[in-house]
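Please open the model in your viewer and keep the sequence panel beside it, since each stop on this tour begins with a selection and then turns to what is found there.

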Amino acid sequence: MARPSIKEYLASNPGKVLVLDGGQGTELENRGIDVANPVWSTVPFISDSFWSDKSSMDRQIVKGMFNDFLAAGAEILMTTTYQTSFKSVSENTPIKTVDEYNTLLNHIVQFSRDCIGEEKFLIGCIGPWGAHVCAEFNGDYGEHPENIDYYQYFKPQLDNFFQNDNLDLIAFETIPNIHELRAILSWDESILSKPFYIGLSVHENGLLRDGSTMEDVAQLIKSLGDKINPNLLLLGINCVSFNHSPDIMESIHKQLPNIPLIAYPNSGEVYDTVKKIWLPNSHPTFTWDAVVKRYIDAGARIIGGCCRTTPDDIKQIATAVKKYSKN
Ligand code: MET
Ligand SMILES: [Zn+2]
């Protein structure tokens with residue numbers, strides 16, 4: 001294989017900070033794909049013409065997005081599979097069986113790998129349980145979040161991703177609820193059998209979206225002691241407020257100084273759910289240069305952007321990473 005294992009790569013290059021790509025779902029939308037659908041950025045891959053017609057417009061758009069993130073300096077990129085759980089796909093598309101679902105995931109992963117080449121790292125992206133009920137930004141998992149069968153929800157996507165050699169790292173993204181976090185952390189190497197990370201969905205005030213504190217999160221991780229799954233490679237935040245993200249990273253680092261971190265905030269724009277438009281970041285307090293420096297000082301090893309960040313943001317991140325990292 002052209003690539004080293006990401007675990008070994010990060011361990012043997014301790015000063016290296018990898019540049020991640022940007023907000024893929026919103027970038028596909030910017031480029032003309034209508035993602036207003038329960039399966040969101042999975043939408044282009046559902047139509048047969050994406051696979052049968054090599055010149056299909058959607059195919060060119062997805063390819064163009066990967067190319068532009070690569071040209072901007074991304075060294076690790078994601079599959080656009082945030083809303084591609086078996087539940088979301090089987091309830092909202094013509095794909096109904098696990099076999100058809102596995103074929104879809106295999107095609108998406110292979111297509112993404114072909115777009116980025118063999119040298120770059122590829123992340124298999126998995127959205128939280130809350131994504132299928134639009135709860136990833138409020139953490140509201142109902143009255144008994146402790147009783148939700150998270151494993152049953154994730155299993156088909158996990159089973160597929162963990163056996164796919166094209167994927168170097170698995171992402172549990174935008175996790176807003178501590179019960180879901182506890183569940184993921186309880187799965188051992190027989191379930192999570194290669195490197196994975198957890199991106200938390202955190203409010204501007206520094207609390208997990210369900211109201212748990214970063215102390216609660218740290219306590220949970222510390223309580224696992226040496227029972228923690230050795231494949232947990234990084235912890236961090238994604239799709240959080242750009243302006244507040246450095247403070248949140250510093251508070252996680254203070255609680256858990258030995259865990260490598262990952263950060264990819266959103267652009268700081270706010271989505272108006274009534275008007276269905278993005279409102280500008282009215283107080284862009286910082287630049288990427290300042291934010292990236294603080295992330296690196298707080299132990300970040302992977303830095304990129306989430307919703308509404310574009311190849312231009314990734315270019316600025318790559319410049320700052322070059323300036324502040326030791327490698
Ligand atoms: C709601 S956060 C979504 C992040 C996802 N990786 C994407 O941009 O496609
Ligand atoms: Zn996002």
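Two residues are taken to be in contact if their C-beta atoms, placed from the backbone, lie within 7 Å. Keep in mind throughout that this is a predicted model, with a mean pLDDT of 96 for the protein and 99% of its residues at 70 or more. The scores of the model are ipTM 0.98 and pTM 0.97.

**First stop: Asn 92**

Select Asn 92, which lies in helix 6 (residues 86-92). Which residues is Asn 92 in contact with, once its neighbours within four places in sequence are left aside? They are Pro 38 and Val 39. Of these, Pro 38 is separated from Asn 92 by 54 residues in sequence, while the C-alpha to C-alpha separation in space is 6.8 Å. Asn 92 counts as partly exposed because it has 17 C-beta neighbours inside 10 Å, and the partly exposed class sits between 12 or fewer for exposed and 20 or more for buried.

**Second stop: the sheet**

Now colour the strands and follow the open sheet of 8 strands, whose order is 1-10-7-6-5-4-3-2 and whose pairing is parallel. Its edges are strand 1 (18-19) and strand 2 (76-78), each of which pairs on one side only.

Begin at the edge formed by strand 1, which runs parallel to strand 10 and is joined to it by 2 bridges; here, Val 19 stands opposite Ile 303 of strand 10. Keep Ile 303 selected and add Ala 263, since Ile 303 in strand 10 is also the bridge partner of Ala 263. Strand 7 and strand 10 are paired in the parallel sense as well, over 3 bridges. Further along the order, select strand 5 (residues 196-200) together with strand 6 (residues 232-238), a parallel pair with 5 bridges, in which Phe 196 is placed opposite Leu 232 of strand 6.

**Third stop: helix 11**

Next select helix 11 (residues 245-255) and show the side chains of Ser 245, Pro 246, Ile 248, Met 249, Ile 252 and His 253, which are buried. Looking down the axis of helix 11, you will find that these buried residues fall within an arc of 160°, and therefore they line one face of the helix. An α-helix has 3.6 residues a turn, so residues three or four places apart point the same way. The buried residues of helix 11 pack against helix 10 (214-224), strand 6, strand 7 (261-264), helix 12 (288-297) and strand 10 (300-303).

Within helix 11, centre the view on Ile 252, which is buried because 24 other C-beta atoms lie within 10 Å. Not counting residues up to four places away in sequence, Ile 252 touches Met 214, Leu 235 and Leu 261. Add Ala 218 to the selection and check the C-alpha to C-alpha separation from Ile 252, which is 7.6 Å in space for 34 residues in sequence.

**Last stop: ligand 1**

Finally, select ligand 1 and display its surroundings, where 13 residues form the shell, the closest being Gly 23, Gln 24, Gly 25, Tyr 82 and Cys 239. Which elements give two or more residues to the shell around ligand 1? They are helix 2 (24-30) and strand 4 (169-175). Colouring the shell by residue class separates its members into 6 nonpolar, 6 polar and 1 charged.

Technical notes:
Residues are numbered from 1 along each chain as its sequence is written. Chains are lettered from A and ligands numbered from 1 in the order in which they are written. This is a predicted model: local features need pLDDT of at least 70, side-chain atom pairs count only at pLDDT 80 or more; totals for chains, interfaces and linings use all residues. A residue is near a molecule or strand if its C-beta atom, placed from the backbone, lies within 6 Å of it. Helices (H or I, at least four residues) and strands (E, at least two) are DSSP runs, numbered from the N terminus. Ala, Val, Leu, Ile, Met, Phe, Trp, Tyr, Cys and Pro count as nonpolar, Asp, Glu, Lys and Arg as charged, and the others, Gly among them, as polar. Two strands pair if DSSP finds at least two bridges between them. The arc is that of the directions from the helix axis to the C-beta atoms. pLDDT is the predictor's confidence in each residue, from 0 to 100.
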